[in-house]
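Colleague: I am new to this structure and would be grateful for a close look at one part of it. Please begin from a single residue and then place that residue in its wider setting.

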Amino acid sequence: MYWQYHLGGIETLIQHPASMTHSKLSAEAKQQGGISDDLVRLSVGIEESEDIINDLAQALDKVDS
């Protein structure tokens with residue numbers, strides 16, 4: 001597990017490090033840091049847990065389509 005600096009507010013945030021926070025790194029540096037193109041970072045906020053679960057399920061259903 002890698003710790004990341006604060007990226008947002010108190011809401012749940014999903015991001016793609018390879019194209020966002022680490023986009024300026026070389027491919028070699030990303031590989032050394034464990035940042036792959038299929039890595040997705042989930043930072044869970046303070047929303048109601050049921051809302052977060054439902055939102056994630058809805059998003060994953062769209063990916064599966």
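In which helix does Glu50 lie?

Modeller: Glu50 belongs to helix H2, which covers residues 49–64. Please note that the model is a predicted one. For orientation, the protein contains 2 helices and 2 strands, and their order from the N terminus is β-α-β-α.

As to its exposure, Glu50 has a relative accessibility of 47% and therefore counts as partly exposed, since that class lies between the limits of 20% for buried and 50% for exposed. Glu50 is also one member of a surface patch of negative charge, together with Glu11, Glu47, Glu48, Asp51 and Asp55.

Another member of this patch, Glu47, deserves attention in its own right. Glu47 is located in the loop that joins E2 and H2. Its relative accessibility is 31%, so Glu47 too is classed as partly exposed. Once residues up to four places away in sequence are set aside, Glu47 touches Ile10, Glu11, Thr12 and Ile52. Of these, Glu11 is itself part of the negative patch. Ile10 is separated from Glu47 by 37 residues in sequence, while the C-alpha atoms of the two are 8.2 Å apart in space. Such links over long stretches of sequence also appear in the totals for the protein: among contacts with a separation of 6 or more, 55% join residues 24 or more positions apart.

The surface also carries a patch of another kind. Ile14, Val40, Leu42 and Val44 make a nonpolar surface patch of about 370 Å². Within this group, Val40 sits in the loop between helix H1 (27–32) and strand E2 (41–43). Val40 counts as exposed because its relative accessibility is 52%, and the limit for that class is over 50%. For the protein as a whole, the accessible surface amounts to about 5,400 Å², and carbon and sulfur atoms contribute 56% of it.

A contrast to these surface residues is offered by Lys30, which lies in helix H1. Lys30 is buried and yet forms no salt bridge. The nearest side chain of opposite charge is that of Asp37, at 5.2 Å, whereas a salt bridge would require a distance within 4 Å. Apart from its neighbours within four places in sequence, Lys30 is in contact with Ala18, His22, Ser23, Leu25 and Ile35. Of the 65 residues of the protein, 12% count as buried, and Lys30 is one of the buried residues.

Key: Residues numbered from 1 in each chain as written. Predicted model: local features only at pLDDT ≥ 70, side-chain atom pairs only at ≥ 80, totals over all residues. Heavy atoms only, no water. Patch = residues over 30% accessible without salt bridge, like charges linked within 9 Å, V, L, I, M, F, W, Y side chains within 5 Å. Areas by Shrake-Rupley, 256 points an atom, 1.4 Å probe, with all protein chains shown as cover. Helix = DSSP H or I, 4+ residues; strand = E, 2+ residues; numbered from the N terminus. Buried < 20%, exposed > 50% of the residue type's maximum accessible area, 1.4 Å probe, protein only. Lys, Arg positive; Asp, Glu negative; His and termini not counted. Charge placed at Lys NZ, Arg CZ, Asp CG, Glu CD. Contact = heavy atoms within 4.5 Å.
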